[in-house]
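Student: Can you walk me through this structure? I'd like to start with the overall picture and then poke at a few spots.

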Amino acid sequence: AAAADISHCMMVHCHLHRHRLCFINKLSMPQSLPRLSMSTSSECDTETGAPISPSTIQLSSSSSIFPMHILGGGSIGLLYASAIHISYTRVWDIDAKTSRRSHASRKDDVSHPVTLLMRSHHKPHLRRRFDTNNDQACNVKSPHCFAPVTVSRTSLQDKGSETFASRCDVPVELIHDRTIKNEDGTHQCQDLDNPIKCLLLCTKANDAISALNSVWDRLKSSPQSSPAKVIILSNGALAIRDAICKRFGGNSARLQEQTLDGGVQIVLGTTTHGAYKTQSSQSANNGDKYSGHYNITHAGEGSTHSTNEEFIDTCQSIGWESKVLSNLDMNVMLWKKLAVNSVINPLTAIHGVKNGQLLEQDVNVITRHILEEVSLVAMLEMESLFEQILAEEGKNCSKSDAWVQSTREQLSVSYLQAFVFKVMSATQNNISSMLQDVRARRTTEVQFLNGYVASLGEEKHGIKCPWNVEMCRQVEDLLP
């Protein structure tokens, strides 16, 4: 009976808003869905996969994206930081016959194209150089702190599997050490002479705003001729974008790269690379110089998409599949990712199972109800975005009726449901990040997934999303 009431509620709201669905109903729905190409989201990482392709391409130091700072010491932040650092600061000798890297040597003029911004609890795990008595945080020009990172990858060969590992010391700044506390409890940055040019945001969604608060003054201190960029690579990117715009000023939508107060540009991105942290294989007391290092398993080589061309050029130059997308296409991709995460994450957490085990549960009905709400809100959002870009670009808008039809297909309930179940199957042995959070008694990202759908639907479009609200309630009830 409850399910019937909720379904009826959805039908009523769809009827009330049918006058706004000119974008949705512009073309008739196709009789069949296109073949789905599968790649996993960063929420649903594969446990094995192809290794990173060897790359000998060196990054250009003249790129306006450098030096880059990466905010977030999790697996994705460490993966991107180490990959960029290794590619830029090492020259690899390649065996002509086997194409294997025989050894690596550092350049004489070692520079630091990427720096990790980490909180103080990482301090015991960092290595120090140069002035070991200096208790201040690192300086990009003369770094004191380094995160020893080991990234492992498994390559599937004809005669079995082979594991490769790369090690590097990534420069680190401890961001809490670079601020002073004011009398009103706010924090003021002490390092305005060291502005941040490009920030890759890789924190948990819950931590994004507080983390950005600690470095925002350094972002605003970039020269007006070259405004700072914040590239959102975290899960829940759409919700984070809106939260950033609300906190720091700006219209959450609607430019290719949204410029906020202070000239800071917000850039959308997403990754399908799979990575997770593992326990250090070295004892902290055995004298090994990499003892206590950050062990990352690159579980599946994926792809990177963003609206920023320079960031994509950087990813391509380290040998990663990457593609620049328009603002419209980027939003479509992020809504599809949100649809997957709004089903798999809460349901795996509630049932306490791996992704693939959901296929054995009776989740078809609830999956469809969740996706009905996601699909409706997503289409209304894309309608609004499309109309604004059409008004801004007029006849210059490159998006045609064919693009509108494709977007409607990709955001339809049937397409999203097929997409979600394919991800469940492709990542069947994975433990979702939300289930990991619940087991570790950590705050989950459910409010940036299902909560975002529900709040956006009701506050902006007047649509109730009871199934997504219920997912939030059940997940939050799992924690004390």
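What follows is a chat about this predicted model, from the whole chain down to single residues.

Student: What does the secondary structure of the chain come to?

Tutor: The predicted chain has 13 helices and 17 strands. Buried residues make up 53% of its 480 residues.

Student: How much of the accessible surface belongs to carbon and sulfur atoms?

Tutor: Those atoms account for 48% of an accessible surface of about 21600 Å².

Student: OK, inside now. Which residues touch the most other members of the largest nonpolar core?

Tutor: That would be L219, I244 and W335, in a core of 79 residues. Helix α8, residues 364–393, gives the largest share of this core, with 13 residues. Apart from it there's another core of 38 residues, including I76, V172, V267 and C315.

Student: What does W335 touch?

Tutor: Leaving out residues up to four places away in sequence, W335 touches L238, V374, V377, A378, E381, M382, L411, Y452, V453 and L456.

Student: You mentioned V267. Which residue stands opposite V267 in β13?

Tutor: I231 does. Strands β11 and β13 pair in the parallel sense, over 4 bridges.

Student: And how does β13 run relative to β16?

Tutor: Those two are antiparallel, joined by 3 bridges. One of the pairings there is T271 with T304 of β16.

Student: Why is β13 described as largely enclosed?

Tutor: Because 7 of the 7 residues in β13 (265–271) are buried, the rest of the structure largely encloses the strand. Side chains in a regular strand alternate between the two faces of the sheet. In β13 both faces are covered: Q265, V267, G269 and T271 are buried on one side, and I266, L268 and T270 are buried on the other.

Student: Switching to S234. Where does S234 sit, and is S234 buried or exposed?

Tutor: S234 is in the loop between β11 (229–232) and α5 (237–248). Its relative accessible area is 4%, and the cut-off for buried is under 20%, so S234 counts as buried.

Student: What lies around the polar atom of the S234 side chain?

Tutor: There are two backbone oxygens to look at: that of T203 lies 2.8 Å from a polar atom of the S234 side chain, and that of L201 lies 3.2 Å from one. Beyond four places in sequence, S234 is in contact with L201, C202, T203 and I240.

Student: Any charged pairs worth a look? Which residues are linked in a network of salt bridges?

Tutor: K204, D437, R442 and E445 are. K204 meets D437 at 2.7 Å, N to O, and that pair links distant parts of the chain, 233 residues apart. E445 also forms a salt bridge with K204, at 4.0 Å between the closest N and O atoms. D437 forms one with R442 too, at 2.9 Å.

Student: Which of those four are buried, and which are partly exposed?

Tutor: D437 is buried, at 2% relative accessibility, and E445 is buried at 4%. K204 is partly exposed at 31%, and R442 is partly exposed at 41%.

Student: Last one: what is V114 in contact with?

Tutor: V114 lies in strand β4 (114–118) and is buried, with a relative accessible area of 0%. Not counting neighbours within four places in sequence, V114 is in contact with M68, I70, A81, I84, H85, V170 and P171.

Methods
Residues are numbered from 1 along each chain as its sequence is written. This is a predicted model: local features need pLDDT of at least 70, side-chain atom pairs count only at pLDDT 80 or more; totals for chains, interfaces and linings use all residues. Side-chain values use heavy atoms; hydrogens and water are left out. Buried means under 20% relative accessible area, exposed over 50%, partly exposed in between (1.4 Å probe, protein chains only). A polar contact is a pair of N or O atoms within 3.5 Å; within protein, one must be able to donate a hydrogen and the other to accept it, and residues adjacent in sequence count only if both atoms are side-chain atoms. Contact means heavy atoms within 4.5 Å. Two strands pair if DSSP finds at least two bridges between them. A nonpolar core is a set of buried Ala, Val, Leu, Ile, Met, Phe, Trp, Tyr and Cys residues joined through side-chain atoms within 4.5 Å. Accessible areas come from the Shrake-Rupley method with a 1.4 Å probe; for residues, only the protein chains shown count as cover. A salt bridge is a side-chain nitrogen of Lys or Arg within 4 Å of a carboxyl oxygen of Asp or Glu.
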